[in-house]
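This report examines selected features of one protein model. The reader is invited to keep the sequence and the structure in view while following the text.

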Amino acid sequence: MTDVAHVRRPVLGYWPAALGLAAATFQIVTGVATDAVAITVAVAAGCYLVAAALGRAWIAWVGIPALSVVVTLSEIAGVAWWLGLAVLAAVLVVVGVLGRSPARPLAAQGLALVVFGGLAVVAVLVSPRLGLALAGVALASHAAWDYVHWRRNEVVPRSLAEFCFVLDIPFGIVAIVLAITR
């Protein structure tokens, strides 16, 4: 494996970071709400599970809009967004097991979704300030998960992991700061 910390890349090679920063900026400018932060962390963890269950790293990029559609359709149907994501996650685990996806990544991503998604669900169920802080901590913490996968170049494409940690850190930190100062 190449030591990625010392690889030079052209300016256009930083598109994942630029896209992540643009997404974080958009989220922050349009309003930092507990649901938005919680959904972001759940979708972020979910796209890793999509890649692990289907055994294709690139599919994680497709997972972002696909999981966002599940959130939207759940809300339209009058079902909590997290319940729609939980059902899809269970289906993905079954698909991964039946499709003989490697057990270790599938289990790790399933557990990560339970932890990060569980924190996201708790965040929307507790008081607004505590929920915003908890969702912010979960999102900012997810950046460490992103960095590990970026560094190892495993499960998801390095570009997605980079996009994710550049989105997660500022959006999560702003959520924490707003929860404390509001």
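Which residues make the nonpolar surface patch of about 450 Å²? The model is predicted, and in this model the patch is made by Leu 54, Val 79, Leu 83, Val 87, Val 91 and Val 95. Helix α4, which covers residues 81-98, supplies the largest share of the patch, namely 4 residues. Val 87 is one of the patch residues, and its place is in helix α4. An α-helix has 3.6 residues a turn, so residues three or four places apart point the same way.

**Helix α6 and its packing**

Helix α6 spans residues 128-152 and contains 25 residues. From its first C-alpha to its last, helix α6 reaches 36 Å, which is close to the 36 Å expected at 1.5 Å a residue. Many positions could be inspected along this helix; the buried ones in α6 include Gly 131, Leu 132, Ala 135, Gly 136, Ala 138, Leu 139 and His 149. Against which helices do the buried residues of α6 pack? Their partners are α2 (34-54), α5 and α7 (158-181).

**Contacts of helix α5**

Two residues of helix α5 illustrate its surroundings. Gln 109 lies in helix α5, which runs over residues 103-125. Is Gln 109 buried or exposed? Its relative accessible area is 1%, and because the limit for a buried residue is under 20%, Gln 109 counts as buried. The side chain of Gln 109 forms a polar contact with the side chain of His 149, at 3.0 Å. His 149 is itself one of the buried residues of α6. When residues up to four places away in sequence are not counted, Gln 109 touches Tyr 48, Leu 49, Ala 52, Trp 145, His 149 and Val 155.

Leu 119 is also placed in helix α5. Leu 119 has a relative accessibility of 30% and therefore counts as partly exposed. With neighbours within four places in sequence left aside, Leu 119 is in contact with Leu 134 and Ala 138. Ala 138 belongs to the buried residues of α6.

**Pairs separated in sequence**

The table lists two pairs of residues with their separation in sequence and their C-alpha to C-alpha distance in space.

| Pair | Apart in sequence | Apart in space |
|---|---|---|
| Leu 119 and Ala 138 | 19 residues | 6.5 Å |
| Val 174 and Ala 24 | 150 residues | 9.7 Å |

Val 174, named in the second row, has its place in helix α7. Its relative accessible area of 25% makes Val 174 partly exposed. Not counting residues up to four places away in sequence, Val 174 touches Ile 28 and Val 32.

**The loop between α6 and α7**

Which backbone angle stands out just after α6? There, Asn 153 takes a positive phi of about 55°, although Asn 153 is not a glycine. Asn 153 is found in the loop between α6 and α7, and with a relative accessible area of 43% it is partly exposed. Val 155 has its place in the loop between α6 and α7 as well. The phi of Val 155 is near 70°, a positive value in a residue other than glycine. Val 155 also links this loop to the earlier account of helix α5, since Gln 109 touches Val 155.

Note on methods:
Residues are numbered from 1 along each chain as its sequence is written. This is a predicted model: local features need pLDDT of at least 70, side-chain atom pairs count only at pLDDT 80 or more; totals for chains, interfaces and linings use all residues. Side-chain values use heavy atoms; hydrogens and water are left out. Helices (H or I, at least four residues) and strands (E, at least two) are DSSP runs, numbered from the N terminus. Buried means under 20% relative accessible area, exposed over 50%, partly exposed in between (1.4 Å probe, protein chains only). A polar contact is a pair of N or O atoms within 3.5 Å; within protein, one must be able to donate a hydrogen and the other to accept it, and residues adjacent in sequence count only if both atoms are side-chain atoms. Contact means heavy atoms within 4.5 Å. Patches are made of residues with over 30% relative accessible area and no salt bridge: like charges are joined within 9 Å, nonpolar side chains (Val, Leu, Ile, Met, Phe, Trp, Tyr) within 5 Å. Accessible areas come from the Shrake-Rupley method with a 1.4 Å probe; for residues, only the protein chains shown count as cover. A salt bridge is a side-chain nitrogen of Lys or Arg within 4 Å of a carboxyl oxygen of Asp or Glu. The expected span of a helix is 1.5 Å times one less than its number of residues.
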